[in-house]
Amino acid sequence: MPRFSVIVPAYKVQAYLQDCLESVLGQSYPDLEVIAVDDSSPDACGALVDEFAARDARVRAVHLPENGGVGGARNAGIEHATGDYLVFVDGDDTLAPDALRAIADRIKEAGDPDVVVYDHAHALWTGETVRSPFLHQLTEQGPVPFRLDDRPLLLKLPLVAWNKAYRREFVESEKLTFAPGAHTDTSWTVPALLAAESVATLDRVCVHHRRQRQVTGAPADRGDHGHFDIHEQYDRVFAFVDARPELAHWRPVLFRRMVDQLMSVLDRPDGLPRTARAEFLRRSRAHYRRYRTPGAAVPLHSRLRHLLVRTGSYRTYRAMRLASALRRHITRFVKSVARSVRSAALRLHYGIQRRLPLRADRAVFTSHSGRGYGCNPGALEAAFRSFVPGMRTAWVARPEHHHTLPTATARVRPGTAAYWTALARSKYLVSNVSWDERFVKRAGQTVIQTQAGTPLKRMGLDLQDRPAAARGTDFTALLADVDTWDHCLSANRHSTLVWERVFPGGYTTLETGQPRNDVFQQATSADVTRLRESLGIPEGSVAILYAPTHRDYLRTPRHTLDLERVLRQLGPRYVLLARAHHIYDAPLTPASGGRLIDVTDHPSIESLCLASDALVTDYSSLMFDYANLDRPIVIHSDDREAYEAARGTYFDLRAFPPGAIARSEDELIDIFATGHWRGSRSAQLRGAFRERFCPYDDGRAAERVVQRLVLGGTAGQAPVTPLAERHPVPSAAATSANAPLASVPHPQSSTDGTPVPTCS
């Protein structure tokens with residue numbers, strides 16, 4: 001008997017059904033069956049269901065003789081289910097990676113509850129994913145499991161079946177079935193939650209619920225009155241409550257929930273046709289009178305909705321809608337005027353500030369368009385304060401990143417009067433990105449472009465024939481920004497040749513090394529120990545930092561590695577630190593804790609490098625920085641052709657790698673299993689890589705920049721320490737006497753049956 005029966009109703013979703021079924025069958029928790037129900041769909045859904053059933057024994061195809069709606073299809077799925085728990089996934093939705101494993105773990109923790117409620121995200125037709133606004137209702141704190149009486153606010157969640165897992169024996173004992181109609185989820189969800197003796201919540205996105213693009217005017221054209229069945233669904237809900245006297249105290253709560261849902265149906269732009277709204281209100285008025293509980297209090301913020309439903313007057317409803325629309329228009333107009341006035345005032349303020357004297361003791365810094373303190377500008381900001389007496393610094397960052405800033409530097413929000421004052425009056429402007437396009441460089445100002453690492457991927461003007469990577473870049477504006485540069489920092493000769501070609505201008509290139517890498521030569525073993533403790537890395541573990549770069553041809557992070565499987569194969573001595581690229585607002589893994597730790601939001605990538613024992617990456621410039629630590633680097637490159645086509649690189653990483661190269665997940669596991677990741681060949685490759693790309697990163701790059709640009713000239717400038725004389729702090733695994741070299745059995749073969757190579 002499988003743990004999960006995943007029931008997938010399919011009707012007119014042929015464009016999305018394949019993604020749906022693959023998201024279920026690709027789960028890292030394989031103990032499941034899929035019951036795909038073709039609800040007599042007129043498109044290719046039936047054929048797709050049969051194709052999946054033919055190639056995967058876990059899929060059972062069910063074909064209904066006539067269309068019965070989503071409720072009927074789910075009922076058919078329940079009849080065929082044999083799993084411990086029922087999970088409903090609509091045919092155009094998808095399960096998030098590792099969702100079933102997370103649900104299974106929560107079920108085990110909660111002692112097999114009747115219902116598990118989990119979170120979801122809306123997958124918009126634009127490609128954007130938006131998490132639901134009900135996160136605070138799914139807190140996992142407090143006693144588990146519980147009854148609905150202990151957490152009544154769960155009824156504020158969407159009354160849908162697909163954000164919950166149901167114990168099948170509970171469903172059968174309560175004789176729960178789906179009623180026909182467009183709002184069948186209402187008369188299923190409410191009785192299920194009320195009847196459940198044990199409920200648990202899971203604060204994790206497990207479902208991506210697709211929101212289809214709405215065609216303008218569609219509701220009026222189709223004449224769909226299907227939403228009227230919401231009244232019948234609430235008849236069933238109250239009949240369920242009336243049949244159980246112990247549930248009588250829920251009537252006022254359900255009454256208020258009914259009013260909210262009736263108004264929601266009425267207000268939806270893709271819901272009722274205008275010609276049906278008056279009749280809908282009249283029927284709603286009848287239900288209001290039928291189920292109103294005398295003496296039940298109505299919250300102040302809901303009284304207007306209750307008034308509209310109680311009176312059932314469509315004229316009053318239209319008047320209120322017009323008043324609300326007028327209020328919104330007035331509010332937007334007032335805000336627009338306020339923005340225009342504020343913008344004009346700031347332009348005037350900036351113009352006045354530009355006519356005031358420059359302040360030679362002021363420097364302003366920013367990194368990655370207003371993100372937190374770090375990268376090369378962060379290292380230079382600290383050096384400015386350390387080596388230049390009296391220097392006052394300011395950092396431009398969005399408010400949510402202000403906690404990362406040192407107390408000694410002023411906090412400046414982008415777009416404020418203080419921001420424009422800093423741009424107008426500061427002598428030194430330091431950034432790794434462009435400044436505001438309205439910035440006007442003054443005579444006497446020094447603009448320092450630090451860049452953000454050594455370029456492997458194509459940059460600047462080289463993106464003109466790479467539309468996926470350029471993403472609408474204004475190359476004229478880019479060159480206008482380059483014209484403001486006085487100096488551009490470079491880590492090596494390769495970087496110099498690239499920067500001067502792809503960012504052509506009159507600036508001076510300074511081959512000083514990367515200031516952000518100074519910490520690698522300055523840190524101590526005590527620093528490494530402290531950082532590992534702060535991250536929760538167990539003593540004696542081998543910590544692997546997994547930090548892939550972004551893909552220009554994808555909107556969301558790639559999930560090509562099953563990180564939990566990698567850890568299972570490597571064994572208990574290994575820990576994975578997973579860090580998504582900052583361009584994404586989502587982690588690489590939803591799970592965090594134990595041996596798989598999400599470090600996407602950690603403010604310092606340098607600290608993560610110091611805490612780790614090895615780096616696994618793909619095409620990220622982080623490999624050039626990490627090489628300064630002289631620690632093992634493994635390249636995981638499974639999409640080289642696609643990446644080259646979309647972005648392109650300046651040299652073939654396979655011909656000059658910093659270590660071993662894996663072309664698949666199994667090869668990556670094998671590299672660590674055999675010890676090749678830290679073997680002599682990998683060390684030889686890393687040595688050649690360091691010699692080519694790390695000539696100046698000796699721990700004094702920031703000092704050289706300050707001496708050259710602020711303190712005047714090259715006299716007394718710090719000499720570069722030769723590579724052979726540098727002694728970066730060793731990793732924790734390198735200093736551990738019992739660190740494993742080959743602690744796990746390596747795979748026998750790849751997924752296609754061919755032997756897995758152990759090196760590139």
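**Buried side chains, helix faces and a central strand**

Arg 74 lies in helix α3, which runs over residues 69–80. In this predicted model, Arg 74 has a relative accessibility of 1% and therefore counts as buried, the cut-off being under 20%. Its side chain makes a polar contact of 2.6 Å with the side chain of Asp 185. Leaving aside neighbours within four places in sequence, Arg 74 is in contact with Ile 7, Pro 9, Phe 88, Asp 90, Ala 161, Trp 162, Phe 178, Thr 184 and Asp 185.

Some of these names return in the surroundings of Trp 188. With neighbours within four places in sequence again set aside, the contacts of Trp 188 are Ile 78, Phe 88, Ala 161, Tyr 166, Val 171, Leu 176, Thr 177 and Phe 178. Trp 188 belongs to the largest nonpolar core, a set of 60 residues. The members with the most contacts inside that core are Phe 88, Tyr 166, Trp 188, Leu 194, Leu 254 and Phe 280. Helix α9 (residues 251–267) gives the most to this core, contributing 8 residues. A second core, separate from this one, holds 40 residues, among them Leu 21, Leu 48, Val 116 and Leu 202.

Leu 48 also appears in helix α2 (residues 45–55), where Cys 45, Gly 46, Leu 48, Val 49 and Phe 52 are buried. Seen down the axis of α2, the buried residues fall within an arc of 165°, so they line one face of the helix. On the other side of α2, Ala 54 and Arg 55 are exposed. The partners against which the buried residues of α2 pack are β1 (4–10), α1 (17–25), β2 (32–38) and β3 (59–63).

A comparable description can be given for helix α19 (residues 525–535), in which Val 528, Leu 531, Arg 532 and Leu 535 are buried. These residues cover an arc of only 100° around the axis, which puts them on the same side of α19. The spacing follows a general rule: an α-helix has 3.6 residues a turn, so residues three or four places apart point the same way. The face of α19 turned away from the buried side carries the exposed residues Ala 526, Glu 533 and Ser 534. Just after α19, Gly 536 takes a positive phi of about 80°. Cover for the buried residues of α19 comes from elements including β17, β18, β19 (596–598), α21 (605–611) and α27 (732–735).

One of those covering elements, strand β17 (residues 542–546), is itself mostly covered, with 5 of its 5 residues buried. Val 542, Ile 544 and Tyr 546 point one way from β17, whereas Ala 543 and Leu 545 point the other way. Strand β17 pairs in the parallel sense with β18 (residues 574–578) over 5 bridges, and also in the parallel sense with β20 (residues 614–617) over 3 bridges. Ile 544 takes part in both pairings: its bridge partner in β18 is Leu 576, and in β20 it stands opposite Ala 614.

Two serines offer a contrast in setting. Ser 284 is found in helix α10 (residues 274–291) and, at 1% relative accessibility, counts as buried. Beyond its neighbours within four places in sequence, Ser 284 is in contact with His 231, Leu 262 and Val 309. Ser 173, by comparison, has its place in helix α5 (residues 168–173). Its relative accessible area is 52%, and the residue is therefore exposed. A polar atom of the Ser 173 side chain lies 2.9 Å from the backbone oxygen of Phe 170.

Finally, these local details can be set against the whole chain. The secondary structure comes to 27 helices and 22 strands, and the C-alpha trace spans about 90 × 70 × 50 Å along its principal axes. Of the 760 residues in the protein, 54% are buried. The protein exposes about 33700 Å², of which carbon and sulfur atoms supply 52%. Among contacts between residues at least 6 apart in sequence, 74% join residues at least 24 apart.

Methods:
Residues are numbered from 1 along each chain as its sequence is written. Side-chain values use heavy atoms; hydrogens and water are left out. Buried means under 20% relative accessible area, exposed over 50%, partly exposed in between (1.4 Å probe, protein chains only). Helices (H or I, at least four residues) and strands (E, at least two) are DSSP runs, numbered from the N terminus. Two strands pair if DSSP finds at least two bridges between them. A nonpolar core is a set of buried Ala, Val, Leu, Ile, Met, Phe, Trp, Tyr and Cys residues joined through side-chain atoms within 4.5 Å. Contact means heavy atoms within 4.5 Å. The arc is that of the directions from the helix axis to the C-beta atoms. A polar contact is a pair of N or O atoms within 3.5 Å; within protein, one must be able to donate a hydrogen and the other to accept it, and residues adjacent in sequence count only if both atoms are side-chain atoms. Accessible areas come from the Shrake-Rupley method with a 1.4 Å probe; for residues, only the protein chains shown count as cover.
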